Amino acid sequence: MAISSTQAIPATQAVPQHVAIIMDGNGRWATRRHLPRTAGHAKGVQAVRRVVEACGRRGVRYLTLFAFSSENWRRPPEEVSLLMRLFVQALEREVDKLNEQGVRLHVVGDMSRFEPRLQSLIADAQVRTAHNDRLHLSVAANYGGRWDVLQAMRAMLIQHPDLAREPQRIDESHLAPHLSMAWAPEPDLFIRTGGEQRISNFLVWQLAYTELYFTDQYWPDFGAAELDAAFEWYRNRERRFGRTSEQLRNDSAQ
């Protein structure tokens, strides 16, 4: 389990080791082209393929994509139905390619609301790619950051019922192993496309010290060049983790 950035100072590199992305703007991309919103979601799948390949080539080790939030069930039923079909199709068509590229697939979120066929495809894809370690691709589906913290709290108390009687003993080391992405380091870089500037209940625990990058580019138009622009912005950030700029300069001079 990775140590959190509030407990230790993580190593930083020119290329972020963990990139988290909210893939926003599919519907607006389609609307601007006088197409149904569903066409934007279909086009967005191609952007996923481009970004996965680009991250693999650039040495990113962890890529986490927010595909479907726990709040997205509020969308029109026909749009939700299409998103579920696209998820099924992507699993059917892309897993062999991910395997060839050394990508390990993880799906994080509450799977219980998905139909049995989709749950089966998810389980099979995770097993088939479990031996890969070049890039860990996590897809957050029916996921919410607050849900993540709550389910971790419940799991912690089930494992350690004594903590309910002595809550003052609870610290990060008790809760963190039960978070849905406890096996991955915290994201170095968060990217949100589509012009909105919020994290929308995504990885609310894990983004505590993540660099937040927002772009007006709609997700279907996002690719390697846009990813490189985000990485260039990231390289110019001063990652202090509570320290001063002077401390950083002194550390780099040693």
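This short talk goes through the annotated positions, the nonpolar cores, the aromatic pairs and a few single residues of one predicted model.

Let me start with the annotation, which comes from a database record rather than from the model itself. The unreviewed UniProt entry lists Asp-24 and Asn-72 under "active site". These two positions span 49 residues in sequence, yet their C-alpha atoms are no more than 12.2 Å apart, so they gather at one spot. Both Asp-24 and Asn-72 also belong to the lining of the largest pocket, which is where I would ask you to look at the structure above.

Taking them one at a time, Asp-24 sits in the loop between β1, residues 18-22, and α1, residues 26-32. Is Asp-24 buried or exposed? With a relative accessible area of 15%, Asp-24 is buried, and since the cut-off for that word is under 20%, the label follows directly from the value. If we set aside neighbours within four places in sequence, Asp-24 is in contact with Arg-192, Thr-193, Gly-194 and Glu-196, and also with Gln-217, Tyr-218 and Trp-219.

Asn-72, for its part, is placed in the loop between β2, residues 62-69, and α3. Asn-72 is likewise buried, at a relative accessible area of 16%, and, again leaving aside neighbours within four places in sequence, it is in contact with Ala-67 and Val-80.

Helix α3 brings me to Glu-79, which is found in that helix. Glu-79 is buried, with a relative accessible area of 5%, and, not counting residues up to four places away in sequence, Glu-79 touches Arg-37 and His-41.

Now to the nonpolar interior. In soluble globular proteins, nonpolar side chains tend to be buried together. Here the largest nonpolar core has 41 residues, and those with the most contacts inside it are Ile-21, Leu-63, Phe-87, Leu-137 and Ile-191. Which helix gives the largest share of this core? That is helix α3, residues 77-100, which contributes eight residues.

Leu-137 is a good residue on which to see how such contacts are spread along the chain. Not counting residues up to four places away in sequence, Leu-137 touches Val-52, Leu-63, Leu-65 and Leu-98, together with Val-103, Arg-104, Leu-105 and His-106. There is also a second, separate core of 13 residues, which includes Phe-66, Tyr-143, Phe-190 and Leu-203.

Some of those names return when we turn to the aromatic rings. A search of the whole structure finds twelve aromatic pairs. In one of these pairs, the rings of Phe-190 and Phe-202 have their centres 6.4 Å apart and their planes at 50°, so the pair is tilted. Phe-190 lies in strand β5, residues 189-192, whereas Phe-202 lies in the loop between β5 and β6, residues 211-214, so the pair ties together parts that are twelve residues apart in sequence. Both Phe-190 and Phe-202 are buried.

Another pair is formed by Trp-219 and Phe-222, whose ring centres are 5.4 Å apart and whose planes are at 20°, so this pair is stacked. Trp-219 and Phe-222 are both buried, and Trp-219, as you may recall, is among the contacts of Asp-24.

Beyond single pairs, ring pairs link Phe-66, Tyr-143, Trp-147, Phe-190, Phe-202 and Phe-214 into a cluster. One more ring deserves mention, because I would not want to leave out the charged side chain above it: Arg-113 lies over the face of Trp-73, at 4.1 Å from the ring centre.

I will finish with the backbone. Most residues other than glycine have a negative phi. Which residues, though not glycine, have a positive phi of about 50°? Asn-142 is one of them, and Ser-200 is another. Asn-142 is placed in strand β4, residues 135-143, and counts as buried at 6% relative accessibility. Ser-200, by contrast, is found in the loop between β5 and β6 and is partly exposed, with a relative accessible area of 29%.

Definitions and conventions
Residues are numbered from 1 along each chain as its sequence is written. This is a predicted model: local features need pLDDT of at least 70, side-chain atom pairs count only at pLDDT 80 or more; totals for chains, interfaces and linings use all residues. Side-chain values use heavy atoms; hydrogens and water are left out. Rings of Phe, Tyr and Trp (its six-membered ring) pair if their centres lie within 6.5 Å; planes under 30 degrees apart count as stacked, over 60 as edge-to-face and the rest as tilted. Helices (H or I, at least four residues) and strands (E, at least two) are DSSP runs, numbered from the N terminus. Buried means under 20% relative accessible area, exposed over 50%, partly exposed in between (1.4 Å probe, protein chains only). A charge sits over a ring if NZ of Lys or CZ of Arg is within 6 Å of the ring centre and within 35 degrees of the ring normal. A nonpolar core is a set of buried Ala, Val, Leu, Ile, Met, Phe, Trp, Tyr and Cys residues joined through side-chain atoms within 4.5 Å. Contact means heavy atoms within 4.5 Å. UniProt positions are given in the numbering used here, feature names are shortened, and annotations may be inferred rather than shown by experiment. On a 1 Å grid over the protein atoms alone, a cavity is a set of points where a 1.4 Å probe fits but cannot get out, and a pocket is an open set with protein on both sides within 12 Å along at least five of seven lines; lining residues have an atom within 4 Å of a point.
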